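Me: Please show the sequence and the structure, and then take me through some points of packing.

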Amino acid sequence: MLKNKIVIYLYSRYERFWHWLQSALIIILLLTGFEVHQGLSLLRFHSAVKVHNFVGLTWLIAFAFFVFWLFTTGEWKQYIPTTRKMFLVVRYYSYGIFRGEAHPVPKRKEAKHNPLQRLTYLALAAFLLPFQMLTGFLYWGYNAWPLWGIKSLSLETVALAHTFGAFAILTFLVVHLYMTTTGHSLFAHIKAMITGWEEVEEGETVEEWEVAHERKPSAL
Amino acid sequence: MIQPRWFRKLMIWTVALTVSGMWPPILWAGSPQPDNPAPGLTMARQATKAQMPWTTSDHAKLPALKKRFNKGEEITQACLSCHSEAEAQFKQTIHWTWIGHVDENGKQLGKAGDSLNNFCLSTNKMNDKGCTSCHTGWEGKQQGVNCLVCHSRKKMNWKEAFEDYQAFSGSDDPDEVEIANEIQAEIQAAAQSIGRPTRQNCGECHFKGGGGDGVKHGDLDTSLSKPNKALDVHMGVDGQNFTCVRCHTTVQHHIAGRIYSKPAYTDRKSLIENDLTAKITCESCHGSTPHDKGHKANDHTDKVACQSCHIPEFARVLPTKMSWDWSKSGQLKDGKKYKEKGPLGTFDYMTIKGKMVWAKNVKPEYAWFNGSMNTMTVKDTIDPANTVPVSGPVGAADDPHSRIFPFKVHRGVQPYDKVNNNLLAPLLSGKQGYWETLDWNDALTKGMAALQVPFSGQFGFVSSTYHFPTTHMVAPKDKAVTCVECHTEKDGRMASISGVYMPGRDGAGWLDTLGWLAVIGAFLGVVLHGLGRIFTNGRKGA
């Protein structure tokens with residue numbers, strides 16, 4: 001059942017940099033955000049607010065670079081959602097994984113994400129994270145609302161929406177961290193995200209529909 | 001132009017680090033530097049520079065003041081011989097009339113009118129002589145203006161001085177004549193020692209309102225006669241050494257400040273916007289965004305008054321009275337009136353006044369405030385089932401003129417008319433006053449008769465509150481209220497403030513519950529999944 005493994009270069013330098021930068025930003029934002037919101041006391045309120053604002057705006061700017069990268073490289077196609085093989089993936093994580101089966105959609109350069117990942121990451125990158133940045137930016141700019149012509153919005157609405165987003169991201173983070181352990185070894189996926197090289201099973205062919213786009217080898 | 005790979009890497013990192021290094025200071029501004037004071041402080045220092053004596057008269061050299069004065073009125077006439085309009089001006093002001101204004105229903109707001117409080121309650125239209133010792137006239141309001149109350153640098157008991165002088169000056173005894181001459185010399189010295197009002201001049205009445213030092217305001221007491229900077233950054237003798245009139249600026253003897261329900265100012269203008277504006281607000285000199293650019297405190301000034309953060313506590317040196325229960329008055333010990341001191345050295349119980357609570361270092365209470373107060377009169381109907389707001393702030397969260405403002409709240413228990421449902425004002429001092437007779441019914445009858453307001457004869461006691469805006473005793477900046485004292489879930493300073501969303505204090509319980517349920521649910525889910533993998537040994541070995 002087990003096939004031979006090959007090592008492929010899956011994540012480019014920028015992707016890895018972006019992944020870890022964004023994860024650091026998000027974790028700092030979660031910690032300081034929950035300190036501002038309630039309960040946590042790590043930095044004291046005053047510093048938590050300053051750090052949160054600074055890191056939040058940094059994220060906003062860095063995210064713009066990510067969007068630029070996504071479209072100029074064509075990598076956005078990796079996020080096109082699909083239902084094909086979706087059932088197989090769901091079945092794998094709820095059944096097959098316990099039986100030691102192989103992953104039905106192994107990673108390939110041309111198709112990094114399985115259908116479940118595509119859906120999750122699309123929701124994250126296109127909706128949840130921008131939603132959190134937008135509500136955060138509005139929250140940050142509260143005193144300028146009259147200047148921006150915002151009249152019929154209450155700080156409470158924005159604050160609660162931002163809190164909702166924070167919980168959604170934290171929930172994602174919990175599951176995401178766990179999913180990193182589901183590779184062929186506990187730390188295989190994390191290692192790949194650090195080095196860029198992922199060990200995958202040999203022999204699986206990528207179907208035409210899965211291919212994000214043609215890439216020239218020289219791009220590395 | 002092909003460079004080695006390591007060189008390209010170095011260049012990329014250099015550029016990246018430089019760019020990211022430029023970024024933090026843009027946002028991180030806001031930590032004040034000692035050699036680079038906040039803009040609001042710079043503005044205020046420029047506005048108040050060089051307070052040099054500018055007078056062109058030395059009153060000790062004026063012939064009009066080098067004469068014998070047999071009674072107070074003669075001094076006033078001497079003043080008026082030069083300052084021809086002063087008395088006419090002064091008699092228009094509340095300092096003379098003790099009437100702020102007459103409202104649309106004909107109620108006179110003021111000490112000399114229908115207003116009352118929950119301290120000594122009322123002056124009974126100035127029939128209670130005990131109250132009039134603070135009036136700025138010779139013999140109360142009966143004769144002319146006593147200019148020296150506010151303008152003499154010498155403190156005098158004028159009533160006693162003239163009584164003694166008149167008693168001794170006509171004597172045949174050379175010793176008594178000598179005494180008379182000494183008194184006259186003191187009178188002349190006081191009349192010749194003239195200037196703009198000092199803290200002592202104003203404080204003689206305003207520090208002792210309510211019948212004693214620090215009784216009323218909490219942020220005004222004799223500790224401000226010679227304060228240090230720790231007590232008041234503006235008045236501190238080791239700092240700016242401001243007098244009261246430095247901020248309470250004056251036009252034709254009308255002194256800027258709140259008068260009963262009337263606000264101290266109608267718009268918040270700085271001297272840059274109007275160089276003749278009264279300096280009565282903080283914004284007058286400091287502007288409306290006084291902190292460093294980017295400092296979060298600047299974002300607060302649309303909702304929070306400067307005082308809310310910069311006066312963390314009042315009564316920081318001397319105690320102030322926090323409550324006064326008149327219903328407990330009248331108790332005797334061994335058949336006699338008595339009084340007892342409490343731990344702060346002030347009277348906690350007096351037979352003639354009742355039970356009182358004093359406190360030091362008091363955290364203010366906070367409320368929305370647009371500068372106006374609702375002040376009650378003896379003619380207003382009350383609801384005795386509830387605490388009566390004898391004086392309370394006007395303001396609302398959605399009113400752009402309102403700010404969250406600190407207050408001393410004095411709680412009282414005071415007499416009211418059970419039939420007519422209005423507050424009552426007993427006559428207190430004098431032979432027929434309550435303090436002598438301890439007879440409520442008689443004192444209330446006489447007091448209300450003086451006010452020309454009917455009294456049914458049925459009286460009870462009702463709880464009341466009296467709000468004083470806290471605006472003096474501005475503390476040094478390192479003592480300002482910190483963020484978490486308000487931005488906290490429980491028991492914060494702003495716990496009672498509604499109509500505004502405060503991060504750290506507010507949130508939606510249901511959202512937090514759902515949020516944490518989702519997070520914990522996800523966590524339990526992955527733990528179960530992981531355990532499943534371990535027990536089924538499904539994970540492929542590496």
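The exchange below treats helix packing, the chain contact and a nonpolar core.

Reply: This is a predicted model, in which local features need pLDDT of at least 70, side-chain atom pairs count only at pLDDT 80 or more, and totals for chains, interfaces and linings use all residues. Residues are numbered from 1 along each chain as its sequence is written, with chains lettered from A and ligands numbered from 1 in the order in which they are written.

Me: Is α1(A) parallel, perpendicular or oblique to α6(A)?
Reply: The axes, lines fitted to C-alpha atoms over the stretch in contact, lie 11 Å apart at an angle of about 135°. Angles from 0 to 180 degrees are taken between N-to-C directions; under 35 is roughly parallel, over 145 roughly antiparallel, 65 to 115 roughly perpendicular, and the rest oblique. Therefore α1(A) is oblique to α6(A).

Me: Which helix gives the largest share of the side of chain A that touches chain B?
Reply: The contact (C-beta atoms, placed from the backbone, within 7 Å) takes 31 residues from chain A and 30 residues from chain B. Helices are DSSP runs of H or I with at least four residues, numbered from the N terminus. The largest share of the chain A side, 12 residues, is from α6(A).

Me: Which helix gives the most to the largest nonpolar core?
Reply: That core, a set of buried Ala, Val, Leu, Ile, Met, Phe, Trp, Tyr and Cys residues joined through C-beta atoms within 7 Å, has 29 residues. Buried means 20 or more other C-beta atoms within 10 Å of a residue's own. With four residues, the most is given by α13(B).

How values were computed:
A residue is buried if 20 or more other C-beta atoms lie within 10 Å of its own, exposed if 12 or fewer, and partly exposed in between; C-beta atoms are placed from the backbone. Helices (H or I, at least four residues) and strands (E, at least two) are DSSP runs, numbered from the N terminus. Two residues are in contact if their C-beta atoms, placed from the backbone, lie within 7 Å.
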